[in-house]
Amino acid sequence: MNNNKTAPRSHINSGALEIEKSGIDYVPLSQRHGKAWHLAPVWFSGTAHLFTLAVGFIGPAVGLNLAWTLIASVLGLSLGIFFSAFHSTQGPQLGLPQMVQSRPQFGYRGAVVIFAVVVLVYLVQAVSTVLVSGPSLTATTGLSGSVALTITVLVGVVTAIIGYKFIHHLGRWVTLTFFVVFIALTIGVFLRIDLPVGSFSLSGFSWTPFLLQFGACAGYLIGWAPFVSDVSRYLPPSVGVRSSFWWTAGGDVAGCCLADRARCRFSCSLSCHIQHRRHYRDSRCCRRRSIQRFGEACCGHRSPRPALPHWGLLLFG
C-alpha cells in the first residue's frame, strides 16, 4: 500500500470556496495534496502587512538608529523563524494541527495549559491586527471607524470559516499584490525621505533599545509557531522536511524583511521630523508632514485626511 498517494483529482481540483472539513482531525493520506512551495505565499501574505510595519517602529521610538534597528530586526527574525519553520515541518509528517501534536510532549491534560496560552496568543494577534487594519482602512477609504472595524473582522471570520483552500488561493493573490506594493513603498521611502545624521553609525550602541527591537521581532515570528503546521498538514509526507522548512522560512523572511527595510527607515525619519516640527512651514517639510500621516495610518492611528493621496506623494514627490 502506498501511503504517499495524493488525493483523487476531484478532491484536488475542488473549488477554493469549499469549506474545510478536517477541523482539528487527522488529515488522511488520501486527502493530502499540494507542493512545498505553496507554503511560501501563505506566510508571505501573513507577515507582509501593516502590523509587521508597526513592529519596526519600536527601535527608533526608544532611541535606536537605523543601522542597529536593522541588525536587531534581522537577528530577531532569524531566531523567530527557526522555531516557526521547524514546527511547520511536522505538519506533512503527522497530519495533525500543532496543538494536537503537543499532547505527547505535555500530556493530555498538560496540553490544556499550552492550549490556553495559545488561545491568548490568537486573541492578541487578532485584536492587534484589527486595531491596525481598521483605522488604516478608515484613513484610505474615508469609512467610519466602526464600519472599517466591522469589515476587517468579517473578512477574517469568513476566511477562517472557509479555511485551507481559500487561504491558499487568497495568499497567492495577496502575495503578488503586496510584493508590488511593498517594493514600490520601499523604493519611495529610500528615495523620498531623508534620514537623520548618524543613521548608519555603529557607535552609541545601547543594549536596552537593541534588545527591545530584537525581542519584538523574535517574539513576533515565534508567535506563529503554534499554528504553522495547521497549514502544512495537508501536504503529503513526500514533500520532505527540508522543503517544508525552507519554503516556510522563505515566505516569512521575505514578508518581514521586505516590510522591515521600509518600516525602519520610515520610523527613523519620523523621529527626525518629530524633533524638527518647527520647520514644517516650508514646502519640502509640508510634504514630509503628509508622509508622517501615512506613517500614522500604518501604525493604526487615525489620520485627519484620507491617506491614499499620500502614497502617491511618497512615491512620486
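In this predicted model, the buried residues of α9 pack against two other helices, α8 (110-141) and α10 (164-192). The helix itself runs over residues 145-162, 18 residues in all. From the first C-alpha to the last, α9 reaches 26 Å, close to the 26 Å expected at 1.5 Å a residue.

Which residues of α9 are buried? They turn out to be G145, A148, T152, T159 and I162. These five positions sit on the same side of α9, because they cover an arc of only 155° around the axis. Flip to the other side of α9 and the picture changes: S146, L154, A160 and I161 are exposed there. Right after the helix comes G163, which has a positive phi, near 90°.

Now for the nonpolar cores. The largest one has 23 residues, and W43, Y220, L221, W224 and V231 are those with the most contacts inside it. Several helices feed this core: α2 (39-47), α5 (66-88), α11 (207-222) and α13 (241-275) each supply at least two of its residues. Seven residues make up a second core, separate from that one, with F44, L53, L185 and I193 among them.

Y220, one of the residues with the most contacts inside the largest core, is worth a closer look. Leaving aside residues up to four places away in sequence, Y220 touches G46, T47, H49, F51, T52, V55, Q125 and C256. As a general backdrop, nonpolar side chains tend to be buried together in soluble globular proteins.

Terms used:
Residues numbered from 1 in each chain as written. Predicted model: local features only at pLDDT ≥ 70, side-chain atom pairs only at ≥ 80, totals over all residues. Heavy atoms only, no water. Core = buried A, V, L, I, M, F, W, Y, C linked by side-chain atoms within 4.5 Å. Buried < 20%, exposed > 50% of the residue type's maximum accessible area, 1.4 Å probe, protein only. Helix = DSSP H or I, 4+ residues; strand = E, 2+ residues; numbered from the N terminus. Contact = heavy atoms within 4.5 Å. Expected span 1.5 Å × (residues − 1). Arc of directions from axis to C-beta.
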